[in-house]
Amino acid sequence: MNKKIVVVGSSNTDMVVKTNVFPKPGETVIGESFMMNQGGKGANQAVAAARMGGDVTFISKVGSDFLGAKSIELYEKEEINTDYISVDEVSLSGVAFITIDSKGENSIIVAPGANASLLKADIDKALHVIENADLILMQCEIPIKTVEYVVDIAHEKGVKVILNPAPAQVLSDELIRKLYLIVPNEIEAEVLSGVKILDWDTAKKAAESLCLRGVDNVIITLGSMGALVKQGDSYTEVPAIKVKAVDTTAAGDTFCGALTVALATGKSMIEAVRIANKCSSISVTRMGAQNSIPYKEELV
C-alpha cells in the first residue's frame, strides 16, 4: 500500500522566455523562444512525487479562470488527488515569468494571485488528509501563516513535515523545531543560518546552525556540487551527477518531490538523496518546469 503524501503549496502557470543573456535594467533583448507550461513550487513537487509513484494529495488554490481549470485538469492526468484545490472567485491564478540564459540559469518573478489566499479555512477542509498523511511536503510560495498552521496541525498529530523554505525568507524557531526535515538551497540556508555557503565546510556550518534552531534533519542542496545531509551529529556529502544543464527551473522541486517519495517508501536519508539527485539531474537536461520532471521508469 502506497504511503500517503500531502503536498501543500502553490500552483502557477509559467511564462518562459529563453535568451542568450539576461537583460540589464532598462535594456531590451531579443529572446530565442517562448513557452507556457505548468509550474509553481507546490505543483512541481506534487507532480514530481506522483511521477515517482507516490500517492499524492495536493492542497492549493487557483483562480476561477482558464489557467486554474487547465491546471486542475493536468494534475488529474498525473493521478494527483485534486479534491482539496480551492477556487478563488476574486483573484486570478498564479503566474511566474521566467527568463533562462544560455547557461541554463534562470531568473524568476512570481505573481502569486490565488496562492496568496490559500488560508486557514481552506486547510480546515482538508484536516482529515493532513492528519492521516505519512509525510507532508511544503514550500513558502503560500502565506507563511498557512505554512505555520499546517505544521502546527501535523506536529500535534505526530505527522512528519518536510519544508523546502523557498523562496528564501526568515522563519521562526518555533516553526523550524516542529519540522522533521528542512531542505534549503544555499541561498535559503544562508538567509536562515547567517552563514554564507562557499563550499562543503561552510555548508556544514550552516546546517549546524539550523540544527541548533531545533530541527534534527537538514539537507542543503548545492546545485552542481550535490547535497549535504546532516542527521544528528553526522554529515554526509552526496555529490551531484554531472550533466549538461539547459534549464534549472524545477531542479529543486524535482529533488524535493522525489526525496519525499523515497523517504515515504522506507529509504534511508542518504539513499533518498541519491535518488533525488538522479531525478534532479535528469530534469535540468530538459526545458520547462513540470515538462522536465522524470518518471520513475526513467531511473532504471
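# Exercises: salt bridges and a surface patch

E174 counts as partly exposed, because its relative accessibility is 46%. The cut-offs are under 20% relative accessible area for buried, over 50% for exposed, and partly exposed in between (1.4 Å probe, protein chains only). The model is predicted: local features need pLDDT of at least 70, side-chain atom pairs need 80 or more, and totals for chains, interfaces and linings use all residues. Residues are numbered from 1 along each chain as its sequence is written, and side-chain values use heavy atoms, without hydrogens or water.

**Exercise 1.** Find the salt-bridge partner of E174, then classify that partner, K178, as buried or exposed.

*Solution.* Start with the contact. A salt bridge puts a side-chain nitrogen of Lys or Arg within 4 Å of a carboxyl oxygen of Asp or Glu. The side chain of E174 meets that of K178, at 3.3 Å from N to O. Now take the cover. K178 has a relative accessible area of 14%, so it is buried. E174, at 46%, is partly exposed. Last, the total: the whole structure holds twelve salt bridges.

**Exercise 2.** Place the pair E73 and K70 in a helix, and name the network that includes them.

*Solution.* First, the distance. The closest N and O atoms of E73 and K70 are 3.6 Å apart. Next, the location. Both residues sit in helix α2, residues 66–77. (Helices are DSSP runs of H or I, at least four residues; strands are runs of E, at least two; both are numbered from the N terminus.) Three residues separate the two, about one turn of the helix. Then the exposure. E73 has 35% relative accessibility and so is partly exposed. K70 is partly exposed too, because its value is 30%.

**Exercise 3.** Which parts does the pair E298 and R286 tie together?

*Solution.* Check the contact: the two side chains meet at 2.2 Å, N to O. Both residues lie in the segment after α10, so the bridge ties together parts twelve residues apart in sequence. Both are partly exposed: E298 because it has 30% relative accessible area, R286 because it has 27%. To finish Exercise 2, K70, E73 and K77 form one network through salt bridges that share partners.

**Exercise 4.** Which residues form a nonpolar patch with F34?

*Solution.* Recall the rule. Patch residues have over 30% relative accessible area and no salt bridge; like charges are joined within 9 Å, nonpolar side chains (Val, Leu, Ile, Met, Phe, Trp, Tyr) within 5 Å. V17 and M36 join F34 on the surface, with about 300 Å² of accessible area together (Shrake-Rupley method, 1.4 Å probe). F34 belongs to strand β3, residues 33–39. Its relative accessibility is 55%, so F34 is exposed.
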